Amino acid sequence: NVFYRYFPEKIPAAIERYQNECRRLFEVLDTQLSDGREYITGEYSIADIANFSWIHVYEWAGINTEGLNHLHKWIDRIADRPAVKRGLAIPEPLNIRLADADDDAKDKFIEDAQKMLQR
């Protein structure tokens, strides 16, 4: 996210490097979840909580998750937990799914996020 969204200068090689590494890590997790387990360690744990925190924003980070069906089911499973829903609503829900947003809404969201992190 730093190079893709927040860094003032776009460095394509850095963006590609870190997006590819994230994709690789997502593939590892998708494989881990492919054996029928619902959670990373078999039971819901801090591993799921910690990883969900950065994985569920894959779209904001520009990571292609096509074909990672087990990962998507895991994201949905975690996001559907009542405590996670409550946590994601604090301080207020953010719409980081930009695929359906118009260009002006995308630009404003990105600009606001950059300002928040560059203070």
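This report describes the packing around helix 3 and the salt bridges of a predicted model.

**Helix 3 and the core**

Helix 3 spans residues 46–55, and within this helix Asp 48, Phe 52 and Ile 55 are buried. Viewed down the axis of helix 3, these buried residues fall within an arc of 75°, so they line one face of the helix. The cover over the buried residues of helix 3 includes helix 2 (12–33), helix 4 (69–79) and helix 5 (82–88).

Ile 55 also belongs to the largest nonpolar core, which has 16 residues and in which Phe 26, Leu 29, Ile 55, Leu 71, Trp 74 and Ile 75 have the most contacts. At least two residues of this core come from each of helix 2, helix 3 and helix 4, and helix 4 gives the most, with four residues. Leaving aside residues up to four places away in sequence, Leu 71 touches Phe 26, Leu 29, Asp 30, Leu 33, Ile 55 and Thr 65.

**Salt bridges**

The whole structure holds five salt bridges, among them those in the table below.

| Side chains | Distance, N to O |
|---|---|
| Arg 17 and Glu 21 | 3.9 Å |
| Glu 21 and Arg 24 | 2.8 Å |
| Lys 85 and Asp 80 | 3.2 Å |

Arg 17 and Glu 21 both lie in helix 2, four residues apart, while Glu 21 and Arg 24, also both in helix 2, are three residues apart. Arg 17 is partly exposed, with a relative accessible area of 47%, and Glu 21 is partly exposed at 24% relative accessibility, as is Arg 24 at 40%. Salt bridges that share partners join Arg 17, Glu 21 and Arg 24 into one network. Lys 85, which is bridged to Asp 80, counts as partly exposed at 45% relative accessibility.

Conventions. Residues are numbered from 1 along each chain as its sequence is written. This is a predicted model: local features need pLDDT of at least 70, side-chain atom pairs count only at pLDDT 80 or more; totals for chains, interfaces and linings use all residues. Side-chain values use heavy atoms; hydrogens and water are left out. Buried means under 20% relative accessible area, exposed over 50%, partly exposed in between (1.4 Å probe, protein chains only). The arc is that of the directions from the helix axis to the C-beta atoms. Contact means heavy atoms within 4.5 Å. A nonpolar core is a set of buried Ala, Val, Leu, Ile, Met, Phe, Trp, Tyr and Cys residues joined through side-chain atoms within 4.5 Å. A salt bridge is a side-chain nitrogen of Lys or Arg within 4 Å of a carboxyl oxygen of Asp or Glu.
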